[in-house]
Amino acid sequence: MKDVQQRVLDAYHFRHAIRQFDPVKKISEDDMHTILETGRLSPSSLGLEPWKFLVIQNKDLREALKPYCWGAQKQLDTASHFILILARKNVRPQNDYVRHMLEVIHQMSPEMAQQKLDATSKFQNESNDLYQNERTLLDWAGKQTYIPLGNMMTTAAMLGIDSCPMEGFLYEEVAQLLRDKGYIHTDDYYPSVMVAFGYRLDDPTRKKTRRTFNDVVQWID
C-alpha cells in the first residue's frame, strides 16, 4: 500500500503546467486511450456526464484556433494531443438528453426515470437555483467538466506524460469557429476548458510550490 501511495504522490510532484512540448515525441495510442478513458469514466453530478471531448489533431484547425487562444499558442504548436472539453448546454429534466441518459445509458425503467427527473428538477431549481438563466445552468455543467480534466491530467502524470490545462481563450470566438466548421452544434455544447498533453521539451526551472498541508486542510472532529 505504501508503494501505491508513493506512486500517486510522485505523479503529483512530477506534474507541472508545461507550456512547450517536444514536438517530435508523440503519445502512444494505448496511453492516450487510457487517459481519455479515465475522463469518460469520471463521476458527474446526478450522473449526467454533461461533457464531450474534442481531440484536435488537425494542424489546420489548430492554426485556425490560435488567434482566439492567447494562452495556448505554444501548446497548439507542440502538444502531441490537444483537447477541448465541451460543456453540455440546457441539462435540465425537460431535455431529451437527460431522459436518454436515464433510460438508455443508466437503463432505468420509465417509472424510475421519472422519479429521477423529479429529483433532478428539485435539486437544480430549489436547492441550487440553476434556472435563473441559461448561463447559470451552463456554469453548473462547466464545473462538472473539471472532474474529467483533473482525472485525465493525473492519469497522464502516472504514465509519465505531461499536460497543461488552459482557460486563456476567447470562448465565443472558439465556439463560433467550431460551429462554422461543423464540429459542434452550439445549441448543445459550449467550450469549457482546454488541455494539452505531450512530453516536456525542458525540465521546469522551478520546484513545485504549494501552500502547506495544515494551511489547506482543517479537521473538524
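1. A word on terms to begin with: helices here are DSSP runs of H or I with at least four residues, and strands are E runs of at least two, numbered from the N terminus. Counted that way, the chain holds nine helices and four strands. Please keep in mind as you read on that this is a predicted model.

2. The order of these elements may help you find your way around. Starting at the N terminus, they follow the pattern α-α-β-α-α-β-α-α-α-β-α-β-α.

3. On to overall dimensions and packing. The C-alpha trace spans about 55 × 55 × 30 Å along its principal axes. The chain has 221 residues, and 42% of them count as buried. Among contacts with a separation of 6 or more, 79% are between residues 24 or more positions apart.

4. You may be wondering about the cysteines: how many disulfides does a search of the whole structure find? It finds zero. Take C69: its closest cysteine sulfur is that of C164, and because the two lie 12 Å apart, they are too far for a bond. A disulfide would need the sulfur atoms within 2.5 Å.

5. Are these two cysteines buried or exposed? C69 counts as buried because its relative accessibility is 0%. C164 also counts as buried, with a relative accessibility of 3%.

6. Lastly, the surface and the charges. The accessible surface of the chain is about 13300 Å², and carbon and sulfur atoms contribute 50% of that. The chain carries 28 positive and 30 negative charges, and the mean positions of the two sets are 5 Å apart.

Note on methods:
Residues numbered from 1 in each chain as written. Predicted model: local features only at pLDDT ≥ 70, side-chain atom pairs only at ≥ 80, totals over all residues. Heavy atoms only, no water. Buried < 20%, exposed > 50% of the residue type's maximum accessible area, 1.4 Å probe, protein only. Contact = heavy atoms within 4.5 Å. Areas by Shrake-Rupley, 256 points an atom, 1.4 Å probe, with all protein chains shown as cover. Lys, Arg positive; Asp, Glu negative; His and termini not counted. Charge placed at Lys NZ, Arg CZ, Asp CG, Glu CD.
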